[in-house]
Amino acid sequence: MVWEDAPYPMLTVDTAGIIEQANEAARLLLAGAAAGVPLARVAPAWLSRAHHEVCAGLPVDQRVDQRVDQRVDQRARGPVGGPVFEAHPVHAGRDRVTWWLVDVDDHQQVVEELRAEREWTAFMVEASVELLSSLNLEHCLEATARLAARRLADAALVVMPLAPRQYAIVSCDQRGEVSRERASVDPRTVPGLGEALQGFPPAPTRWIEPAETPGWVLRHQGGEVGSVAVTALPGHGLATGALVLLRRTPRAGFSDAEKVFAPLFTAWAGAAISVARLYAEQAAIAETLMAELLPPVAPPLEGVELAARYRTAGDSERVGGDFYDVHPVAGSGRESLVVLGDVSGKGLEAAVLTGRIRNILRALVPLADDHHRVLELLNGALLTHGDPTSFVTLVLASIERRADQVAVRLTSAGHPPPLILRNDGRVEPIHAVGTLIGLVEHITCVTESVLLEPGETCLLYSDGIVEARGGPVGDEFFGEERLCEQLRQCAGMPPEALADRVQMLACQWVGLGEHDDMAVVAITAPREPSHREPSHPAPSHRAPP
C-alpha cells in the first residue's frame, strides 16, 4: 500500500523489458503502464534505452541471486510529455529493476524552498542570539534595525517613544551603517505609525506609498524608495516601539516566507527591547537609590587629614553592612564628627539597614556634642521601627583642631577599639566600651579623649579587618594583635597610605577566601604648623595620658 501511494512514479521492470508493477503515480504519468506491458510501448525511448543499459551492466550472479534492493549509479533524464524527469534505477533482485521518476522542476523548486527555509531558520537563530543575549537597550535597538535591514528590507528604522513627542530613532541604511538620534517627531505624519506605537495588541503591518512618508524617514534609505512598511514591535503590554522598513522595489507586501518569519522576528525584537528597557529603568532607579547607600568621598576637614577605605564582602556588591560618614560641622560647630559602623547581616538587607541608620544619624548631627544622647536616640529609633534581630556597632569620633594638636573624643558602642598610632611607633587601643545599639532598651557607653601630636593617627576600623579569616591554614583570624604589630611599622605614614596599608594587609591575609565587609578611617594630625588661632578647648571626659 505504501508503494502504491508513493508520490513519485515508480515502475518495476524485468530484464526483458516487461513491466511487472506500476504504482498509481506511474499509471497517471505513462498512459497504459500496467503489469505485462512492455516498457518500450508506454515509456519514452530514453527510459527504455536506460533500462536496457542498466540490465546489460548487471553482473550475471546479481541477475540470478540478488535478494536485497541495491541502488544502481546510472541515472537518466529526459522529457515525459512536457516536463523533464530524472529516472533513478534500483536493482530489486530476480532479474528486475525498479525505476522511480522525479520531476526535475518540482524537485528544484523543493530544493530552493528548503534552502530558503534553512536561510530563514539560520537568520532567526542569529536574531535570537543577537536580541536575547544582552539586556543593553541600545544593543537591542541597533540589532533590531541591523537585522531587519539585512533580511526584510534595504533600510530599517526602529522608533521607540521616550517622552511626549520625544522618540529614540535607530536606523540602519543599505550599507549596514547604524545611526542613533533622539528627535521630536509627530508619528501622525507617518500613516500607521501611531497605531504601531500603541503597544499591545499589535497593529497589523501597514504598507504605505513613499509619497505619504515624511523626509525624516526617507533620508535613512540613502536612495530611491519604492515601498514602505510600518509594523509594531509588541512588548509585554508596553508601547515598545515600531519598525519601519524601506525597500527599493515598489512591491508592497511580504513573500510567503516573510509572512511566516517576519511576525516571529518582530515579536522577538519587541520582547527583547521591552525587557531591556524595563531593565534599564530598574537599573536607573537602583542606581539612584544606591547613591544614598554608597560610602561618601571623605570631605576635607579644616586642620585635620583624613582618609577612608571601604570594601564589600562580595566582589559584585557595591554596598554592604559596614559604613562611615564624615560631617565637617556637628553639634555646636566646634568639632567635626566621624562615624564608623557595622550593622548585622550582609548584602542588600544589611545595606538597607545601613541607609536607615545613616539617615537617623544625619538627623542627630546637631546633638553630636553629647555622644551618649545620640546613641540613646538611635537605639530608641531602631527598637521602635527595626527588626528585633537588627543591631549595629559603631564608634563616634568628634574631632577638633587645637593649635598644632588634634583633639579626638571617641565613644564606642560594641565596636572594635580605635587605635592611636604615635610617632614613636607605639599603638594605643582606646577602650571606649559600650552597648550594642538596637538590642536592649537601656544602653551604656564610655567616652575617651585623646590628643594627637602632628603626624599621629587615630585609626577606626570594622571587625571585617580583625576577623578576616585566612593565613597559612586558612582558618585563623587576622586579629587585633597582628594589626597592632603591623601598625608599629607605619608610624608617620600619611592617612591615605595607612588606610590602604591596613585594607591591603587584611585582603592579603584572606587571599581568595570569603571575608566580611571592611571599612577603615584614618584621622591624622597634620605635620605642618597651624596658623589658626587656638579654639576654646572642648570638655573631655578624661585627660590624655
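This is a short walk through two sheets and the helices packed around them, in a predicted model.

**Stop 1: the six-stranded sheet**

Start by selecting strands β7 to β12. They make an open sheet of 6 strands, paired antiparallel, in the order β9-β8-β7-β12-β11-β10. Which strands stand at the edges? Colour β9 (178-183) and β10 (206-208): each has a single partner strand, so one side of each is left without a neighbour in the sheet. If you look along the sheet, neighbouring strands are turned by 20° against each other on average, ignoring direction.

Now zoom in on β11 (residues 227-233) and β12 (residues 241-247), an antiparallel pair joined over 7 bridges. For a handy landmark, click V228 and look across to L246 in β12, its bridge partner.

**Stop 2: helices on that sheet**

Add helix α6 (residues 137-151). It lies across β7 (155-163), β8 (166-172), β9, β11 and β12, and it runs at about 150° to β7. Next, show α9, which lies across β7, β11 and β12. Its direction makes about 50° with that of β11.

**Stop 3: α5 against α6**

Bring in α5 and keep α6 on screen. How do these two cross? Their axes come within 10 Å, at roughly 165°, and that makes α5 roughly antiparallel to α6. The crossing is right-handed.

For the contact itself, show side chains on both helices. From α5, pick A116, E119, W120, F123, E126, A127, E130 and L131; they meet H139, C140, A143, T144, R146, L147, R150 and R151 in α6. Colour by residue class and you get 8 nonpolar, 2 polar and 6 charged.

**Stop 4: α5 against α9**

Hide α6 and look at α5 (residues 104-132) with α9 (residues 256-293). Here the packing angle is about 5°, with the axes 10 Å apart; the two helices are therefore roughly parallel to each other.

On the α5 side, select W120, T121, F123, M124, A127, S128, L131 and L132. They meet A257, E258, F261, L264, F265, W268, A269 and A272 in α9. Apply the residue-class colouring again: this contact divides into 13 nonpolar, 2 polar and 1 charged.

While you're here, turn on the aromatic rings. The structure holds 4 aromatic pairs. One of them is F123 with F265, a tilted pair at 5.6 Å centre to centre, with 40° between the planes. F123 sits in α5 and F265 in α9, so the pair ties together parts that are 142 residues apart in sequence.

**Stop 5: the five-stranded sheet**

Now move along the chain and select β14, β15, β16, β17 and β20. That is the order of an open sheet of 5 strands, again with antiparallel pairing. The edges belong to β14 (322-330) and β20 (447-452); each has a single partner strand, so one side of each is left without a neighbour in the sheet. Neighbouring strands are turned by 20° against each other on average, direction ignored.

Which residue in β15 is the bridge partner of Y324? Click across and you land on L340. The strands β14 and β15 (residues 335-343) pair in the antiparallel sense over 7 bridges.

Last selection: helix α11 (residues 371-385). It packs on this sheet, touching β15, β16 (392-402), β17 (405-413) and β20. Compare its direction with that of β16 and you should find about 155°.

Key: Residues numbered from 1 in each chain as written. Predicted model: local features only at pLDDT ≥ 70, side-chain atom pairs only at ≥ 80, totals over all residues. Heavy atoms only, no water. Axes fitted to C-alpha atoms, helices over the stretch in contact; angles between N-to-C directions. Helix = DSSP H or I, 4+ residues; strand = E, 2+ residues; numbered from the N terminus. Parallel < 35°, antiparallel > 145°, perpendicular 65-115°, else oblique. Contact = heavy atoms within 4.5 Å. Nonpolar A, V, L, I, M, F, W, Y, C, P; charged D, E, K, R; others polar. Pairing = 2+ DSSP bridges. Left-handed = near helix turned anticlockwise from the far one by under 90°. Phe/Tyr/Trp six-rings, centres within 6.5 Å; stacked < 30°, edge-to-face > 60°.
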